[in-house]
Amino acid sequence: MMDSNHVLWYDAPAIEWTQALPIGNGHLGGMVRGGEKSLVLDLNHDELWSGLPRDTTIPGAADVFKKARALALTGDLKGAQTLAESDDFHGDWSNCYLPLGTMRADLRVDGAATNYRRQLDLRNGVQTTQYTLDGKRFIYEVYASHPANLIAASILCDDTFSADISLSTRIKGTITAEGGNIFLRGECPARFTRSQGDGNGGAYTYFDEPDMRGIQFLAGLRVCADGVTEVRNNAIHVQNATMIVCYFTAETSFAGWNKHPFLQGKPFEEPVKRALESLTLEDYGEIHAMHLEDYSGFYDRVDLQIETETSNAHLPTDARLNAFLEDDTDLSLPVLLFNYGRYLAIASSRPNTQPTNLQGIWNDQIEPPWNSNYTVNINTEMNYWPVLPCAMPELAEPLIEMVRELAVAGRHTARVQYDAPGFCAHHNTDLWRFSTPVPGAAQWSFWPMAGAWLARHLYEQYLYTQDIDYLRNTAYPILAEAAKFLLHLLIADENGYLIIAPSTSPENAFCRNGERVDVDKTTTITMEITKDLFGNLLNIADALYLRDETTEAVQAALPRLLPFKIGSKGQLLEWSEEYDEPDPHHRHCSHMYALHPARLIIPARDKELAAACRKSLALRGDDGTGWSLGWKINFWARLLDGNHAWELIKMQLRPARQRKNHSYANGGGTYDNLFDAHPPFQIDGNFGMTAGVCEMLVQVYGKTIHLLPALPDAWKNGSVKGLAIPGNCRVNIVWRDGKLKSYSIIGNPSGMKVVCQGVVLV
């Protein structure tokens, strides 16, 4: 039973990329695949991006914005949209996250493999493959060590064998052999010109001029073996070995979002050579032990068990997914998916790395979907929803650092694009902290609310950790800058309410006078983010015993903000008025931001608004892309409907096939390797599901801890240990027959009330 919660396994090699198994240490990522006679790793580095630092603001854009605002306030919404979409307002596209290359180890053996098994054990972060070939028993073991900052791969055999090991890349690079190691020297393109439209594709350009050179990198591979090793034709050839160990690492010249990577880059060649030069076969055991200690220090913090009478753990994971489609009583499968989300977080986000992008750190495409960037109108935020409740606040540090940097980059954007103080960011960013609107439709490009949304993560970090120095020195200054921007944009409507005009609701549209329109006078999510930011800023000010000009302005503005509106069907309105919807089942549910991730609508307190959210979700429908399903799980958990949340988890567990192109029409699901299918692969749905399970098991509002607030009827017996809650506390819960059996709270929940299924316990 324990393996069913923690092990992905398969009885055949990975053919498609979404059948390969991911490893990572935050900086380095690998997708482990290959056939019966090869070990193949598709490699990534978190700093490998196209582009350079650049200014994409548009001089004079602030005047365009002011004209658009005036048109919106007088009812000319289409005119406001035309201005927002014009070349006089929007900038360029974000840059692309790029694949590093591929490592191959090809065995020189004959025959067909038998007794094949490959697996990823989430308890130790190690991928293993075992089979018999040509009468010899082979075992591969691959993992990414954070302490050693390298990927280690071993090939063991009960007899001697030979292998050829090589590196390759699809971006600009050269392979050389030096001192028995092989090195890949490469360069990222300095310019990416994206194809027009909402999707993908484009062209890369390299330059010879020093001021136009992109990120430089060096990747190194050292091979140690107990056989004869020879470097030939820039590859490593091993003969008559019973054990081969490959050590891989890489570094880049990237020195910061505002530093030129060629002219101001950091040293990158010497660190790689130094890391590899002294490694031996005997070092493998120590590196493995350090990896296990480091990794398990995160993974072991939480343990979820849901008792099940039937389990298909004896089936390969891909077959298990297919079986679940017909029989959903295998309750250890959603536990496996929950744990997989925790694993992916540990593997893709560590202190001093870049935050997880649309695909975490795993990308095999030169022109990845949506540039594999940071889409900050929901997707990047969703990536970090589970790290705090799963008791891993350290993993949020890359996101916090990105917001800190956006707060600097976004000041220039706020000033040029809006003639405003403070900072803002729009719906995309990248390694260079791009913060201007992209080209194309206003429904995605015209949305300067990302900075304020991201700022709520900084406040949540304090709620969970109670780090008052962090609150004073990091969170408060950034929230205050975000608030200054929104305060400047507020304007009174015809009824005296303060609104931000014009506004959009990502990435939706409405019908007005027979026309499809993207831009409204204001939108619900715009006002929700504003209310949430202002309330959080005032809470911080209270915690710090601080009052200043910004907090005074926020306190005065907060009660004047436009209130929520409920439509004729009882739904929470998404727009300033009740319009017809061209896509009533749209994947975004942005207007329920107040329900989740914010806590502006609390079902026990705000019954009418909670009912309006429930109605809106019913009208939207359950289906959606992968991340949309993930968000809806959290919505239904907040609405205390565990059975509905469970239905969406089951929908997310639908088997999906790999697609090259994105698709909104066919609904999300799960690939063979348990990656989330947008489709194509986006990692946010994995994280959304894991966070949703946390919400089903414990929620905190103010001074009240709710245990098992959205427990599904199907989850009759189970337990969870180690979930974190605001207040720097941890929760353990045991339930039987759908009722609480016991619980404990570790920490100091002084003054907190504990409630379970309507009963006050403390």
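How much space lies in the second largest pocket? About 430 Å³, and the legends below start there. This is a predicted model, where local features need pLDDT of at least 70, side-chain atom pairs count only at pLDDT 80 or more, and totals for chains, interfaces and linings use all residues. Residues are numbered from 1 along each chain as its sequence is written, and side-chain values use heavy atoms, with hydrogens and water left out.

**View 1. The second largest pocket and its lining.** A pocket here is an open set of points on a 1 Å grid over the protein atoms alone, where a 1.4 Å probe fits, with protein on both sides within 12 Å along at least five of seven lines; lining residues have an atom within 4 Å of a point. Volume is the space filled by probe spheres set on the points, which are joined across faces, edges and corners. Of the 25 lining residues, Asn352, Thr353, Glu397, Pro398 and Glu401 lie nearest the centre. Helix H9 (397–418) gives the largest share, 6 residues. Helices are DSSP runs of H or I, at least four residues, and strands are runs of E, at least two, numbered from the N terminus.

**View 2. The largest pocket.** This one has a volume of about 680 Å³. Tyr459, Leu463, Tyr701, Gly702 and Pro726 sit nearest its centre, among 26 lining residues. Helix H11 (450–465), helix H13 (524–544) and strand S26 (698–701) each supply at least two of the lining residues.

**View 3. An open sheet of 4 strands.** The order is S17-S28-S29-S30, with antiparallel pairing (at least two DSSP bridges between two strands). Strands S17 (303–306) and S30 (739–746) are the edges, each pairing on one side only. Leu304 stands opposite Val720 in S28.
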